[in-house]
Amino acid sequence: MTSGSEVVHGYPHLTTVRSAITALHKRLSYDGVRSYATSVLPVDVAFSDQDDLHLGAQRVARALVHHLRLPDARVIVSFREMEHAASVELTAGPEYFIELNDRFRTHRGDIGAALAHEITHVLLHRLGLAFAGTRDNEILTDTVTTYLGAGWLLLDAYREDGVSRQKLGYLTPEEFGYVLAKRAIAFDEDPAPWFTSAQAYTAYTKGLAQARHDGQQPPLTAAGWAGRRRYARQRRHAQEHGGRADPGSPYAFEGGGRDTLRVSFPCPTCRQRIRIPVRGRVRARCALCRTVFECDT
């Protein structure tokens, strides 16, 4: 939880975020991911100053447990002074205990965001999905929370002006926006009306531009002129001298010669690596997320 200190911006964790999106698709499968096609709605997690603190927190927790397809186990929420925003006790169940920072007693509108992250920890624990190291595992949790339809709450908790700053989660605002945009594109969903924070909406639009950029890289036909020209030059070199690509390119060539050359590149939806023969215009389909896209190899 960042409160008053400098908020980091940009995409410093993008590689880990993309790995998390791929790992989620592999663990849940296509049907599992599609079962989260509808995000948690603002009305289900609304929390006003007039609501009873503990009853309201329990109500929001139940809504998030239901949204994340967890068994109907009781989530017990308490408040205490602590350094971080929240913590969860991952036991065998059936009850789960979540502690929230005392700050949320007077910032009740952000309780849903904190609970979404912690309850996703419960989901990942049950799925057996984890990354090595605390940092990467927390990035995984933020990414999964967002991609499964509850993380827009975390982005909406971001506020920054001339005198104060607040951000929840380990991702930067733009990275939250990126994951939320990947979800929006995949599920044809527009989360923009749900934002109460102007800064969160700005971060979402920046993340949306980055997410769209994923679908505009060669060999996809949506790639721009400059990218297509660079791709053609590298393809010609690979055909004559064996497969390779310039460092930093999103694609790579494998094999050698005009008849055996293949190109590999990340799926614009789930980031799973795809390999197809270099044969001109083709329609490719990702075996993991089943996205179909046009390529000019």
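**View A. Asn101 is buried, with a relative accessible area of 8%.** Welcome to a predicted model; this close-up begins with a residue of strand 4 (residues 96-101), namely Asn101. Because buried means under 20% relative accessible area, the 8% of Asn101 places this residue among the buried ones. For a backbone distance to try out, take Asn101 and Ala114: their C-alpha atoms are 9.2 Å apart, and the two residues are separated by 13 positions along the chain.

**View B. Trp152 and Trp194 form an aromatic pair.** How many aromatic pairs does a search of the whole structure find? The search finds eight. In the pair shown here, the ring centres of Trp152 and Trp194 are 5.3 Å apart and the planes meet at 45 degrees, so the pair is tilted. This contact links distant parts of the chain, 42 residues apart: Trp152 belongs to helix 6 (residues 152-156), while Trp194 sits in the loop between helix 7 (173-187) and helix 8 (198-214). Both tryptophans, Trp152 and Trp194, are buried.

**View C. Tyr231 and Phe253 make a tilted ring pair.** Their ring centres lie 5.4 Å apart with the planes at 45 degrees, which is why the pair of Tyr231 and Phe253 counts as tilted. Here, too, distant parts of the chain are linked, with Tyr231 in helix 9 and Phe253 in strand 7 (residues 252-254), 22 residues apart. Are these two rings buried or exposed? Tyr231 has a relative accessibility of 0% and therefore counts as buried; Phe253 is buried as well, with a relative accessible area of 4%. If you would like another aromatic group to look at, Phe195, Tyr201 and Tyr204 are joined into a cluster by ring pairs.

**View D. Asp214 and Lys182 are joined by a salt bridge.** Side chains of opposite charge can pair when their charged atoms come close. The count for this structure comes to 14 salt bridges. In the one between Asp214 and Lys182, the closest N and O atoms are 2.9 Å apart. Asp214 is part of helix 8 and Lys182 part of helix 7, so this salt bridge ties together parts that are 32 residues apart in sequence. Asp214 and Lys182 are both buried.

**View E. Asp296 and Arg228 meet in a salt bridge at 3.5 Å, N to O.** Asp296 comes from strand 11 (residues 292-296) and Arg228 from helix 9, so the pair ties together parts that are 68 residues apart in sequence. Asp296 is partly exposed, with a relative accessible area of 23%, whereas Arg228 is buried, with a relative accessible area of 18%.

**View F. Arg283 pairs with Glu294 in a salt bridge.** The closest N and O atoms of Arg283 and Glu294 are 2.7 Å apart. Since Arg283 lies in strand 10 (residues 281-285) and Glu294 in strand 11, the contact ties together parts that are eleven residues apart in sequence. Arg283 counts as exposed at 64% relative accessibility, and Glu294 counts as partly exposed at 31%. Elsewhere, salt bridges with shared partners connect Arg18, Lys182, Asp214 and Arg271 in one network.

**View G. Arg229, Arg230, Arg233 and Arg236 form a positive surface patch.** One of its members, Arg229, lies in helix 9 (residues 225-241). Is Arg229 buried or exposed? With a relative accessible area of 53%, Arg229 is exposed.

**View H. A cis peptide bond runs from Pro218 to Pro219.** Most residues other than glycine have a negative phi, and most peptide bonds are trans. The bond from Pro218 to Pro219 has omega near 5 degrees. Pro219 is placed in the loop between helix 8 and helix 9.

**View I. Arg69 has a positive phi, near 60 degrees, without being a glycine.** You will find Arg69 in the loop between helix 3 (53-67) and strand 2 (75-80). At 45% relative accessibility, this arginine, Arg69, counts as partly exposed.

**View J. Arg290 also has a positive phi, of about 65 degrees, and is not a glycine.** The loop between strand 10 and strand 11 holds Arg290. Its relative accessible area is 40%, so Arg290 is partly exposed.

Methods. Residues are numbered from 1 along each chain as its sequence is written. This is a predicted model: local features need pLDDT of at least 70, side-chain atom pairs count only at pLDDT 80 or more; totals for chains, interfaces and linings use all residues. Side-chain values use heavy atoms; hydrogens and water are left out. Patches are made of residues with over 30% relative accessible area and no salt bridge: like charges are joined within 9 Å, nonpolar side chains (Val, Leu, Ile, Met, Phe, Trp, Tyr) within 5 Å. Accessible areas come from the Shrake-Rupley method with a 1.4 Å probe; for residues, only the protein chains shown count as cover. A salt bridge is a side-chain nitrogen of Lys or Arg within 4 Å of a carboxyl oxygen of Asp or Glu. Lys and Arg count as positive and Asp and Glu as negative; His and the chain ends are not counted. The place of a charge is taken as NZ of Lys, CZ of Arg, CG of Asp or CD of Glu. Helices (H or I, at least four residues) and strands (E, at least two) are DSSP runs, numbered from the N terminus. Buried means under 20% relative accessible area, exposed over 50%, partly exposed in between (1.4 Å probe, protein chains only). Rings of Phe, Tyr and Trp (its six-membered ring) pair if their centres lie within 6.5 Å; planes under 30 degrees apart count as stacked, over 60 as edge-to-face and the rest as tilted.
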